[in-house]
Amino acid sequence: MLPVDADRERVIRAAGDGALRVVALSHTSLVSGAEAVLLRVLRAARDDGWEVSCLAPGGAFSEQLRAERIARGSAPDLKLPAGPRALGVSVALARSVEAARRLRRAAARADLVLVNSILALPALRFARLDVPAAWLVHDVIHRRDWLTYLHAFGGAVDEAIAVSEAAAGPVREAGIKTHVVHHGVRWPVEPAPASRDGPPVVGCTALLTSWKGQDVVLEAVARLRR
């Protein structure tokens with residue numbers, strides 16, 4: 001959980017003064033896979049004795065934080081708003097300035113800051129923190145606009161934790177120290193039935209939103225002959 005070798009001794013010494021403190025920043029309050037991972041990380045840190053809090057916009061993810069009894073601070077929504085991209089980026093960056101102000105205040109006593117999306121990187125950069133910062137990387141960054149974000153703001157990250165080698169590649173190329181930690185599953189897994197009645201079932205475990213591409217699945221199924 002400790003991201004920076006050079007700061008490891010300082011963080012360990014801080015444990016002698018009480019619980020280690022981690023402050024997380026979520027760019028959205030929608031609940032998708034990335035937010036589920038962040039929640040599991042925060043829950044594990046709390047159960048391991050860390051003092052845990054998270055800045056997030058109001059909404060579904062904030063409700064999950066409340067249900068887990070994880071302290072929550074308010075933060076602006078950092079998603080790119082709909083409309084012309086240039087205007088959306090300007091709005092998101094303005095919100096990032098406000099998020100940075102709140103993050104800096106929340107992290108004043110923290111031992112680690114954890115951000116959960118490339119869209120949280122500007123706030124991390126603007127905050128100019130004096131504590132180690134880690135980034136949970138969930139997506140393969142290949143679009144030109146995201147690569148621009150990465151190179152402009154990735155320098156604020158001390159270390160990244162990616163879910164796959166594919167996701168880690170562009171982040172490493174940007175010069176950020178990156179580890180790969182694959183998603184785990186509960187074990188043992190109940191065996192699937194050897195046979196089943198009825199037609200085949202295709203599932204998509206994801207948030208129902210346009211960027212997940214469920215419409216592509218539906219169009220593909222509609223073209224099947226049977």
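Begin by selecting Cys54 and then Arg72, which stands opposite Cys54 in strand β3; keep in mind throughout the tour that the model on the screen is predicted. Now widen the selection to the two whole strands, β2 (residues 51-56) and β3 (residues 71-74), and you will have a pair that runs in the parallel sense and is held in register by four bridges. To follow the chain between these strands, select helix α3 (residues 60-67), through which the chain crosses from β2 to β3 in a β-α-β crossover that is right-handed.

Next, keep β2 in view and add strand β1 (residues 21-25), which runs parallel to β2 and is joined to β2 by five bridges. Within this pairing, pick out Val23, whose bridge partner in β2 is Ser53. Adding helix α2 (residues 33-47) completes another unit, since β1, α2 and β2 make a right-handed β-α-β arrangement.

For the last stop, leave the strands and select helix α4 (residues 85-106) together with helix α6 (residues 144-153), which pack at an angle of about 30° with their axes 13 Å apart. Because angles under 35 degrees count as roughly parallel, α4 and α6 are therefore described as roughly parallel to each other, and their crossing is right-handed. To see where they meet, show the side chains of Arg85, Val89, Ala92 and Leu93 on α4, and of Asp145, Tyr149 and Phe153 on α6, which are the residues that make the contact. Colouring these residues by character would bring out five nonpolar and two charged ones, with no polar residue in the contact of α4 with α6.

Methods: Residues are numbered from 1 along each chain as its sequence is written. This is a predicted model: local features need pLDDT of at least 70, side-chain atom pairs count only at pLDDT 80 or more; totals for chains, interfaces and linings use all residues. Side-chain values use heavy atoms; hydrogens and water are left out. Axes are lines fitted to C-alpha atoms, for helices over the stretch in contact, and angles run from 0 to 180 degrees between N-to-C directions. Angles under 35 degrees count as roughly parallel, over 145 as roughly antiparallel, 65 to 115 as roughly perpendicular and the rest as oblique. A crossing is left-handed if the near helix is turned anticlockwise from the far one by less than a right angle, and right-handed if clockwise. Contact means heavy atoms within 4.5 Å. Ala, Val, Leu, Ile, Met, Phe, Trp, Tyr, Cys and Pro count as nonpolar, Asp, Glu, Lys and Arg as charged, and the others, Gly among them, as polar. Two strands pair if DSSP finds at least two bridges between them. A crossover is right-handed if, with the strands pointing away from the viewer, the path from the first strand over the helix to the second runs clockwise.
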